[in-house]
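User: Please take a close look at one part of this model. Start with how its strands are joined, then follow the contacts outward from there.

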Amino acid sequence: MKLAALDVGTNTVLMLVVEQGADGRLQTLADLARITRLGRGVDATGHLDHEAVARTLDAIVEFTTRAHALGAEKILTAATAALRDAKDGAEFIAQVKTRAGIDLNIISGDEEAELSYLSTKKGLNLDPTNKVLIVDIGGGSTELIRSEPGRKLDVVSLQIGSVRLTERLVHHDPPTMKEATDLRIAIDEALQTLAWEFRPDAMVGIAGTVTTLCAVALGLKTYDAAVVHGHRLSQAEVLRTIGLLCRVPLEERKKLPGIEPGRADVIFAGAAILERIMGHFGATEVIVSDQGVRWGLIWRELGVAIS
């Protein structure tokens with residue numbers, strides 16, 4: 001069986017194509033990514049940017065064509081914060097159907113969190129007796145998943161993301177001290193709404209913000225998922241990387257080993273989100289996962305349960 005999973009996020013479009021063998025194991029046939037910034041301006045205007053729409057549609061058509069060429073029997077889809085928030089999201093969905101011939105499903109923040117949980121459950125060798133906090137930092141929102149033995153999974157979606165907070169609060173290059181402080185305050189205020197009395201045994205970080213920070217911390221000139229996935233990124237490494245990002249102007253930031261140029265302008269806000277979450281929950285390290293919502297879609301289709 002060959003399956004494809006399309007994840008249309010606020011900042012990035014991702015497509016995974018896998019084949020399941022007779023032994024049940026999955027082989028990756030393609031793992032595609034493109035930064036299109038679909039959520040550009042949505043927080044301020046409530047509407048999608050025309051250029052961002054064009055870039056995103058082009059990526060979806062290209063990726064869908066590739067999936068079909070590889071023999072994918074089914075394309076699973078998920079669209080997240082940008083399309084949850086945009087008033088013209090339904091129009092975009094219709095354009096995807098016309099141009100790519102697929103139904104793009106807008107999922108809730110809770111469903112996004114559950115898919116991230118599935119990808120962690122199957123993608124990392126974690127101690128099943130541990131209390132685990134899974135953090136998925138996206139462009140428009142951040143999902144937190146609380147997993148404890150004997151307790152129902154607890155998920156929440158916060159309206160803080162790397163693109164959203166950058167557009168709201170960061171207006172200088174590089175960010176000023178006041179902007180850095182304002183970021184921390186906004187993130188802390190969002191975290192205070194949780195009211196979770198929780199100290200995890202392990203914290204897992206999913207999605208592009210965390211994998212990028214890991215790549216920068218490791219000085220990877222070429223991104224290598226095999227190196228990043230499962231790496232334990234210490235709090236000291238996160239703080240050191242934030243210190244670098246806040247000192248370096250955008251054009252120099254784009255050239256740092258490990259940073260995709262299209263993510264360079266929002267990575268500081270994303271890093272701040274990660275650092276404040278680690279502090280809030282007393283985590284001294286974060287286990288990095290290169291497998292997010294797209295993998296969750298695959299595992300759910302194959303019958304893996306949330307519990």
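Analyst: Two strands count as paired if DSSP finds at least two bridges between them. Keep that rule in mind. The model is predicted.

Start with the open sheet. It is built from 4 strands in the order S3-S2-S1-S4, and the pairing is mixed. Strands S3 (26-35) and S4 (74-79) stand at the edges. Each has a single partner strand, so one side of each is left without a neighbour in the sheet. On average, neighbouring strands are turned by 15 degrees against each other, direction ignored.

What holds such strands together? Strands of a sheet pair through backbone hydrogen bonds, either parallel or antiparallel. Look at S2 (residues 12-20) beside S3. They pair in the antiparallel sense, over 9 bridges. One bridge partner can be named on each strand: glutamine 20 is matched by leucine 26 in S3.

Now add the helices. Helix H2 (residues 50-69) packs on this sheet and touches strand S1 (2-8), S2, S3 and S4. The direction of H2 makes about 10 degrees with that of S2. Helix H13 (residues 293-301) also lies across S1, S2, S3 and S4. H13 runs at about 140 degrees to S1.

Stay with H13. Of its 9 residues, 7 are buried, so H13 is largely enclosed by the rest of the structure. Those buried residues are Val293, Arg294, Trp295, Gly296, Leu297, Ile298 and Trp299. Their cover includes S1, S2, S3 and S4, and also helix H5 (109-123) and S5. After H13 comes glycine 303, with a positive phi near 95 degrees.

S5 leads us to another set of strands. S5 (residues 132-137) runs antiparallel to S6, and 6 bridges join them. The two form a hairpin with 4 residues between them. On its other pairing, S6 meets S7 (residues 154-158), again in the antiparallel sense, over 5 bridges. S6 and S7 form a hairpin too, with 6 residues between them. In that turn, glycine 150 has a positive phi of about 80 degrees.

Glutamate 143 in S6 shows both pairings. It is the bridge partner of aspartate 136. In S7, glutamate 143 is matched by serine 157.

How covered is S6 (residues 142-147)? It is mostly covered, with 6 of its 6 residues buried. In a regular strand the side chains alternate between the two faces of the sheet. So check S6 side by side: Thr142, Leu144 and Arg146 are buried on one face, and Glu143, Ile145 and Ser147 are buried on the other.

Last stop: the helices around H12. Helix H10 (residues 235-247) packs against H12 at about 150 degrees, with the axes 10 Å apart. An angle over 145 degrees counts as roughly antiparallel, so H10 is roughly antiparallel to H12. Their crossing is left-handed. From H10, the contact uses Gln235, Val238, Leu239, Ile242, Leu245 and Cys246. From H12, it uses Ile267, Phe268, Ala271, Ala272, Leu274, Glu275, Met278 and Gly279. Sorted by type, the residues of this contact are 11 nonpolar, 2 polar and 1 charged.

Pick out glutamate 275 from that list. It is found in H12 (residues 267-281). Is glutamate 275 buried or exposed? The cut-off for buried is under 20% relative accessible area. Glutamate 275 has 13%, so it is buried. Leaving aside residues up to four places away in sequence, it touches Val238, Leu239 and Ile242.

H12 also meets helix H8 (residues 208-218). Their axes come within 9 Å and cross at roughly 95 degrees. That makes H8 roughly perpendicular to H12. Here Thr209, Val210, Thr212 and Leu213 of H8 face Ile267, Gly270, Ala271 and Leu274 of H12. The residues of this contact divide into 5 nonpolar, 3 polar and no charged.

One more helix ties in. The buried residues of H6 (residues 162-169) are Ser162, Val163, Arg164, Leu165 and Thr166. They pack against H8 and H12, and also against helices H1 (42-45), H3 (81-85) and H7 (177-192).

Definitions and conventions. Residues are numbered from 1 along each chain as its sequence is written. This is a predicted model: local features need pLDDT of at least 70, side-chain atom pairs count only at pLDDT 80 or more; totals for chains, interfaces and linings use all residues. Side-chain values use heavy atoms; hydrogens and water are left out. Buried means under 20% relative accessible area, exposed over 50%, partly exposed in between (1.4 Å probe, protein chains only). Contact means heavy atoms within 4.5 Å. Axes are lines fitted to C-alpha atoms, for helices over the stretch in contact, and angles run from 0 to 180 degrees between N-to-C directions. Angles under 35 degrees count as roughly parallel, over 145 as roughly antiparallel, 65 to 115 as roughly perpendicular and the rest as oblique. Ala, Val, Leu, Ile, Met, Phe, Trp, Tyr, Cys and Pro count as nonpolar, Asp, Glu, Lys and Arg as charged, and the others, Gly among them, as polar. A crossing is left-handed if the near helix is turned anticlockwise from the far one by less than a right angle, and right-handed if clockwise.
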